[in-house]
Each structure stands twice: as structure tokens, then as C-alpha cells.
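Open your viewer, switch to a cartoon view, and keep the selection box handy. Shall we take a walk through the helices together, one selection at a time?

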Amino acid sequence: MTWLPLFGTALGAVIALGSALLIERHRERREDHVERRKTRQEVYSRYLAAHAEARTQLRVLSVSADLTDEERGYQAFTAYAACYASRYELAVLAPQAVLTLARDFDRCARDLRDLVIAGTYAYTPGGRMREYLDAMARVQMAMRNDLGADESSLPPPD
């Protein structure tokens, strides 16, 4: 009896099994990469949406003359409170380049909140709002770079 056909069959089975495992591993890695990107995309969206909502509420509060200082302070803290949860989500998933810029952006948002609370903020296109919008544009660009999005399709800041 010759061992060559048996050896050829066993070798073929090992090659087939190895290539099937390699293909499966590659597919799992690709799916994992897509899932992680989708998760980061959702976290980035929630983060930016929370800040957009807070910015809108702070603008409204800055022009509301009928509020007491206590009411304005409470509403300003409430407006910014939604930003905390998304910031902590970001801290878990985002790379350091995004986190550094997000920290600067959060600082600008808190500065605006504090000015609204003090009753000293009036919306003007320059000044603190320009600083805030520039920080927002930088964090958006970092997020887009992390996701590999086309940089030319970035919407202009408000």
C-alpha cells in the first residue's frame, strides 16, 4: 500500500482547513473594524448633538431678560448637563487626538455656560463664540479624520 494518496488527501484537508480559518479570521476582523467605526460614529454624533443642543439653549438663555439669576443659572447648568454623558462615552472610544481637542471644546462650552450664568454673555459673532466655534470645527475635523471621512464635505460652523 502506498502512502502518497493518503498523505496528499491529509495535506489537502489541512490546507483547506487552514485557508477556511484564515478567511474566517479576516472576515471577523473586517466586521469588527466596521462595528467599531460605526460605534465611534454614533458616539461622535451624540457628542456633537448634545453640544449643539446646549449651545442653542445657552443662546436662548442669554437673550431671555425675564429670568432671575437663579433660574438662568439652573437652566444653564441643565442645558450643559447633557454634554457630560456623551463626553464620558467619548473618553472610552476616541483616540487621544480627538480627546485633547474635545477637552478644549468642552472648556469653551463651559466658559460660555458660566458667562450665561453670570448674565454677562451676549451673543456676538466674535469673541467667546468665535473661540467656541473654532474649537468645535477642530474637534469635528479630528473626528472626521478618525473615521476617515472626506474632509471637503465638512459643513461650515454656525
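Before the first selection, one definition: helix axes here are lines fitted to C-alpha atoms over the stretch in contact, and the angle between two of them runs from 0 to 180 degrees between N-to-C directions. Please also keep in mind that this is a predicted model.

**Stop 1: α3 against α4**

Select α3, residues 96-118, together with α4, residues 128-147. Their axes lie 9 Å apart and make an angle of about 155°. Angles over 145 degrees count as roughly antiparallel, so α3 and α4 are roughly antiparallel to each other. Seen as a crossing, α3 passes α4 in the left-handed sense.

Now show side chains. On the α3 side, the contact is made by A97, V98, L101, A102, F105, R107, C108, A109, D111, L112 and L115. On the α4 side, look for R128, M129, E131, Y132, A135, M136, R138, V139, A142, M143 and D146. If you colour this contact of α3 with α4 by class, you will find 16 nonpolar and 6 charged residues, with no polar ones.

**Stop 2: along α4**

Stay with α4 and hide its partner. This helix has 20 residues, and the distance from its first C-alpha to its last is 29 Å, close to the 28 Å expected at 1.5 Å a residue. Which of its residues are buried? Select M129, Y132, L133, A135, M136, V139, Q140, A142, M143, R144 and L147 to see them. Bring the other helices back, and you will see the buried residues of α4 packing against α1, α2 and α3. Just after α4 comes G148, with a positive phi near 75°.

**Stop 3: α2 against α3**

Next, select α2, residues 69-93. Its 25 residues should span 36 Å at 1.5 Å a residue, and the end C-alpha atoms are 37 Å apart, which agrees. The buried residues in α2 are R72, G73, A76, A79, Y80, C83, S86 and L90. Buried residues of α2 pack against α1, α3 and α4.

Add α3 again. The axes of α2 and α3 come within 9 Å and cross at roughly 175°, which makes α2 roughly antiparallel to α3. To see the contact, select R72, G73, A76, F77, Y80, Y84, R87, L90 and A91 of α2. Opposite them in α3 are V98, L99, A102, D106, A109, R110, R113, V116 and I117. By class, the contact of α2 with α3 holds 12 nonpolar, 1 polar and 5 charged residues.

**Stop 4: α1 and its pairing with α3**

Zoom out and select α1, residues 4-63. At 1.5 Å a residue, its 60 residues should span 88 Å, and its end C-alpha atoms are indeed 88 Å apart. For a ruler along this helix, try a distance label between the C-alpha atoms of G12 and L58: they are 46 residues apart along the chain and separated by 69 Å. G12, which lies in α1, is partly exposed, with a relative accessible area of 35%.

Where in α1 are the buried residues? They are R40, V43, Y44, Y47, A50, H51, A54, R55, L58, L61 and S62, and the buried residues of α1 pack against α2, α3 and α4.

Now bring in α3. The two helices pack at an angle of about 20°, their axes 10 Å apart, and are therefore roughly parallel to each other. Here too the handedness is worth a look: α1 passes α3 in a left-handed crossing. Y44, Y47, H51, L58, L61 and S62 of α1 meet V98, A102, F105, D106, A109, L112, R113 and V116 of α3. The contact of α1 with α3 has 10 nonpolar, 2 polar and 2 charged residues.

**Stop 5: H51 and D66**

Is H51 buried or exposed? This α1 residue is buried, with a relative accessible area of 1%. Leaving aside residues up to four places away in sequence, H51 touches Y80, C83, F105, D106, A109 and Y132.

Finish at D66, in the loop between α1 and α2. At 68% relative accessibility, D66 counts as exposed. A last distance label, from D66 to L133, reads 27 Å between C-alpha atoms, with their positions 67 residues apart in sequence.

Definitions and conventions:
Residues numbered from 1 in each chain as written. Predicted model: local features only at pLDDT ≥ 70, side-chain atom pairs only at ≥ 80, totals over all residues. Heavy atoms only, no water. Helix = DSSP H or I, 4+ residues; strand = E, 2+ residues; numbered from the N terminus. Expected span 1.5 Å × (residues − 1). Buried < 20%, exposed > 50% of the residue type's maximum accessible area, 1.4 Å probe, protein only. Contact = heavy atoms within 4.5 Å. Parallel < 35°, antiparallel > 145°, perpendicular 65-115°, else oblique. Left-handed = near helix turned anticlockwise from the far one by under 90°. Nonpolar A, V, L, I, M, F, W, Y, C, P; charged D, E, K, R; others polar.
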